[in-house]
Amino acid sequence: MTRDDALKQLSHIARERAFGRHVGSDRLIQAGLDALIAEVESPSLAMLAGLLRSEEPEAPALFDQVLEELGLVFQPPADPRAAKWAMAYWIAGQIADGTLDPATGTHLIWADIAYDLGYPESLQPLVSCALNLDGWEESWGVSVEELNREAVEAAKQFLLKRSAKAGS
């Protein structure tokens, strides 16, 4: 793992936690260890990476301290709807760049975001992909790989529409 990869991992976990996803202490400690090995420098990083199992309850606070020291703190928008939209764009970005499995990502958008936003039209293609991937059967005559490709394309289109709005 390179230094950049380690920083990306820390940033990714920061976003997961900021959007209310549970991240276990073991994962926080492992991310700290990965960053330490990748020569990321932060005063609290060695303490995080060196936590023992009995010290796991200390991991979230130390992880937050490391984020602060590295300038990686992420605050989602205060408005709940804006935060859900930010989460949708973040997840779609991961689906589009291949860092998140399309079935997992579209399911998160369907279950954790679209419902809370009242199923907006712009999320409908991703919700459809989630439903197709969730209910897929061999008898459909379409491969799960094709459905995954459709989900990646839907995520890219969703992100393109956002870029088009930002540019106008």
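The legends below accompany close-up views of a predicted model.

**Figure 1. Overall architecture of the chain, a predicted model with eight helices and zero strands.** Read from the N terminus, the elements follow the order α-α-α-α-α-α-α-α. The C-alpha trace spans about 50 × 40 × 25 Å along its principal axes. The chain comprises 168 residues, of which 39% are buried.

**Figure 2. The largest pocket and its lining.** The space in this pocket amounts to about 330 Å³. Its lining consists of 16 residues, and K8, Q9, H12, Q94 and T99 are those that lie nearest the centre of the pocket. Helix 1 (3-18), helix 2 and helix 5 (80-97) each contribute at least two residues to the lining. Helix 1 provides the largest share, namely six residues. By residue class, the lining divides into four nonpolar, seven polar and five charged residues. Both domain 1 (3-70) and domain 2 (80-167) take part, each supplying at least three residues of the lining.

**Figure 3. The largest nonpolar core.** This core holds 26 residues, and the members that touch the most other members are I91, I109, I113, L123, L126 and F158. Two or more residues come from each of helix 5, helix 6, helix 7 and helix 8 (144-167). Helix 5 gives the most to the core, with eight residues. As a general background to this view, nonpolar side chains in soluble globular proteins tend to be buried together.

**Figure 4. The buried face of helix 6.** The buried residues of this helix are P102, G105, T106, L108, I109, I113 and A114. Viewed down the axis of helix 6, these buried residues fall within an arc of 150 degrees, and they therefore line one face of the helix. Two of the residues named here, I109 and I113, are also among those that touch the most other members of the largest nonpolar core. H107 likewise belongs to helix 6. H107 counts as partly exposed because its relative accessibility, 36%, falls between the limits of 20% and 50%. Between the C-alpha atoms of H107 and S139 the distance is 22 Å, and the two residues are 32 apart in sequence.

**Figure 5. Backbone at E39, in the loop between helix 2 (25-37) and helix 3 (45-49).** E39 is not a glycine, yet its phi is positive, at about 65 degrees. The relative accessible area of E39 is 62%, so this residue is classed as exposed, the cut-off being over 50%.

**Figure 6. Backbone at Y119, in the loop between helix 6 (102-114) and helix 7 (124-135).** Y119 is another residue with a positive phi that is not a glycine, with a value near 50 degrees. Y119 has a relative accessible area of 38% and is partly exposed.

**Figure 7. A49 in helix 3 and its position relative to L36.** A49 is placed in helix 3. With a relative accessibility of 13%, A49 counts as buried, because the cut-off for that class is under 20%. The C-alpha atoms of A49 and L36 are separated by 7.2 Å, while the two residues are 13 residues apart along the chain.

**Figure 8. P57 in the loop between helix 3 and helix 4 (59-70).** P57 counts as exposed, at 69% relative accessibility. In sequence, P57 and G24 are 33 residues apart; in space, their C-alpha atoms are 9.7 Å apart.

**Figure 9. R81 in helix 5 and its position relative to D116.** R81 is located in helix 5, the helix that gives the most residues to the largest nonpolar core. R81 itself is partly exposed, with a relative accessible area of 43%. A separation of 8.1 Å is found between the C-alpha atoms of R81 and D116, which are 35 residues apart along the chain.

Key:
Residues are numbered from 1 along each chain as its sequence is written. This is a predicted model: local features need pLDDT of at least 70, side-chain atom pairs count only at pLDDT 80 or more; totals for chains, interfaces and linings use all residues. Side-chain values use heavy atoms; hydrogens and water are left out. Helices (H or I, at least four residues) and strands (E, at least two) are DSSP runs, numbered from the N terminus. Buried means under 20% relative accessible area, exposed over 50%, partly exposed in between (1.4 Å probe, protein chains only). On a 1 Å grid over the protein atoms alone, a cavity is a set of points where a 1.4 Å probe fits but cannot get out, and a pocket is an open set with protein on both sides within 12 Å along at least five of seven lines; lining residues have an atom within 4 Å of a point. Grid points are joined across faces, edges and corners, and a volume is the space filled by probe spheres set on the points. Ala, Val, Leu, Ile, Met, Phe, Trp, Tyr, Cys and Pro count as nonpolar, Asp, Glu, Lys and Arg as charged, and the others, Gly among them, as polar. Domain bounds come from an automatic or database domain assignment. The arc is that of the directions from the helix axis to the C-beta atoms. A nonpolar core is a set of buried Ala, Val, Leu, Ile, Met, Phe, Trp, Tyr and Cys residues joined through side-chain atoms within 4.5 Å.
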